[in-house]
Amino acid sequence: MANIPEEFHSLETSETFKNCCDCGCELLDSAQMYMIQKCFSNGECVMEFALCDKCKEVLDGQISSESKEAIYDFLFDNTDINEQKEHQTQADAMLQIKECFTCSKKMCDCKSYTYSGLFVGTHLIPGPLPIMICEDCQEVIAENMSDHTRDVKNKFYEENFPGPPSEVHLPDSKPVFL
Ligand SMILES: [Zn+2]
Ligand SMILES: [Zn+2]
C-alpha cells in the first residue's frame with residue numbers, strides 16, 4: 001500500500017488531506033482523482049489545499065482557453081517532454097518536484113515555489129505531475145493569463161482561504177492550476 005509522500009501532507013494538521021477544500025467530499029476512500037497543491041513563500045508554507053476532480057473541472061472550465069494555451073505553451077516550450085521517463089516508482093516521480101519544471105532551478109535554491117501532485121486515494125499518480133514551478137516561472141505564466149482567468153483564480157482563493165494568514169503575504173503570482 002502506497003503512502004502519500006510527506007511533501008504532500010498537510011502542514012496544518014501534519015496528516016494527509018482527507019477532504020476537498022471546496023466541496024468537502026471525502027478523498028481517501030474514494031476512487032476519484034484529486035490534486036494537492038502547496039505554495040511556499042520565503043521558505044514558509046503559505047497555502048495548501050486538496051481539490052477533488054469535480055471541483056477542479058469546474059474551475060478549469062472557467063479558465064479561458066487563451067490562458068490555458070498560454071500556460072501550456074510556456075510549459076511545453078520550455079521543456080523537452082520527451083525527456084520525461086516512465087516513472088516506475090513514487091520515489092522516482094517525487095524527484096520531479098526537486099527542480100522547477102521549466103527552468104530546472106533546484107527547490108533548495110528557490111525561496112518561493114509551488115508544487116502539485118495528482119492522487120487517487122493514497123496513490124500518487126505518476127506522469128507530468130508531480131510538478132514544481134519556481135516563483136520566477138510562475139510570474140511569467142501569470143503575465144500570460146487573461147484578466148478573466150486571474151479573476152477566477154482570485155475568487156477561488158478568496159472563497160477557500162478567507163483572510164490571508166497574518167504576517168505572511170501571498171505571492172502576487174498565485175499558483176496555477178494544472
Ligand atoms: Zn470538491
Ligand atoms: Zn523556474
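The numbered points below comment on the fold, the sheet, the core, the backbone details and two of the helices of this predicted model.

1. Overall layout. The chain contains five helices and five strands, and along the sequence these elements follow the pattern β-β-α-α-α-β-β-β-α-α. Of its 178 residues, 30% count as buried. Among contacts with a separation of 6 or more, 67% are made by residues that lie 24 or more positions apart.

2. Strand 3 as a shared partner. Strand 3 (113-120) is mostly covered, since seven of its eight residues are buried. With strand 1 (residues 33-41), strand 3 runs antiparallel and is joined through eight bridges; Tyr-34, for example, stands opposite Phe-119 of strand 3. Strand 3 also pairs with strand 5 (131-134), again in the antiparallel sense, over four bridges, and here Thr-114 stands opposite Ile-133 of strand 5.

3. The hairpin. A further antiparallel pairing, over two bridges, links strand 3 to strand 4 (residues 123-124), where Leu-124 is the bridge partner of Phe-119. Strand 3 and strand 4 form a hairpin with two residues between them, and Gly-121, in the turn, has a positive phi of about 55°. Phe-119 is thus worth inspecting from both sides, as Tyr-34 stands opposite this residue and Leu-124 in strand 4 is its bridge partner.

4. Cys-39. This residue is found in strand 1 and counts as buried because 24 other C-beta atoms lie within 10 Å, against a cut-off of 20 or more. The C-alpha atom of Cys-39 is separated by 6.6 Å from that of Tyr-115, although the two residues are 76 residues apart along the chain.

5. The nonpolar core. The largest nonpolar core has 34 residues, and those touching the most other members are Tyr-34, Ala-50, Leu-51, Met-132 and Ile-133. Strand 1, strand 2 (44-52), strand 3, strand 5 and helix 4 each supply at least two residues of this core, with strand 2 giving the most, namely six residues. As general background, nonpolar side chains in soluble globular proteins tend to be buried together. Leaving aside residues up to four places away in sequence, Leu-51 touches Cys-20, Cys-21, Asp-22, Tyr-34, Met-35 and Lys-56, and Tyr-34 is itself listed with Leu-51 among the core residues that touch the most other members.

6. Backbone details in the loops. Which peptide bond is cis? The bond from Leu-129 to Pro-130 is cis, with omega near 5°, and Pro-130 lies in the loop between strand 4 and strand 5. Two residues other than glycine also deserve a look for their positive phi: Asn-42, at about 50°, and Ser-104, near 65°. Asn-42 lies in the loop between strand 1 and strand 2, whereas Ser-104 is found in the loop between helix 3 (90-94) and strand 3. Asn-42 is exposed, with 11 other C-beta atoms within 10 Å, and Ser-104 likewise counts as exposed, with 11 C-beta neighbours inside 10 Å.

7. Helix 4. In helix 4 (residues 135-143), the buried residues are Glu-135, Cys-137, Gln-138, Ile-141 and Ala-142. Viewed down the helix axis, these buried residues fall within an arc of 160°, so they line one face of helix 4. They pack against helix 2 (65-77), strand 3 and strand 5. A reader checking this face should note that the list of buried residues includes Glu-135 and Gln-138.

8. Helix 5. Helix 5 (residues 147-160) has 14 residues and reaches 20 Å from its first C-alpha to its last, which is close to the 20 Å expected at 1.5 Å a residue. What are the buried residues of helix 5? They are Thr-149, Val-152, Lys-153 and Phe-156, and, seen down the axis, they fall within an arc of 95°, so they line one face of the helix. Asp-147, Asp-151, Asn-154, Lys-155 and Glu-158 are exposed on the other side of helix 5. The cover over the buried residues of helix 5 includes helix 1 (53-62) and helix 2, and helix 2 is also among the elements against which the buried residues of helix 4 pack.

Technical notes:
Residues are numbered from 1 along each chain as its sequence is written. Chains are lettered from A and ligands numbered from 1 in the order in which they are written. This is a predicted model: local features need pLDDT of at least 70, side-chain atom pairs count only at pLDDT 80 or more; totals for chains, interfaces and linings use all residues. A residue is buried if 20 or more other C-beta atoms lie within 10 Å of its own, exposed if 12 or fewer, and partly exposed in between; C-beta atoms are placed from the backbone. The arc is that of the directions from the helix axis to the C-beta atoms. Two residues are in contact if their C-beta atoms, placed from the backbone, lie within 7 Å. Two strands pair if DSSP finds at least two bridges between them. A nonpolar core is a set of buried Ala, Val, Leu, Ile, Met, Phe, Trp, Tyr and Cys residues joined through C-beta atoms within 7 Å. The expected span of a helix is 1.5 Å times one less than its number of residues.
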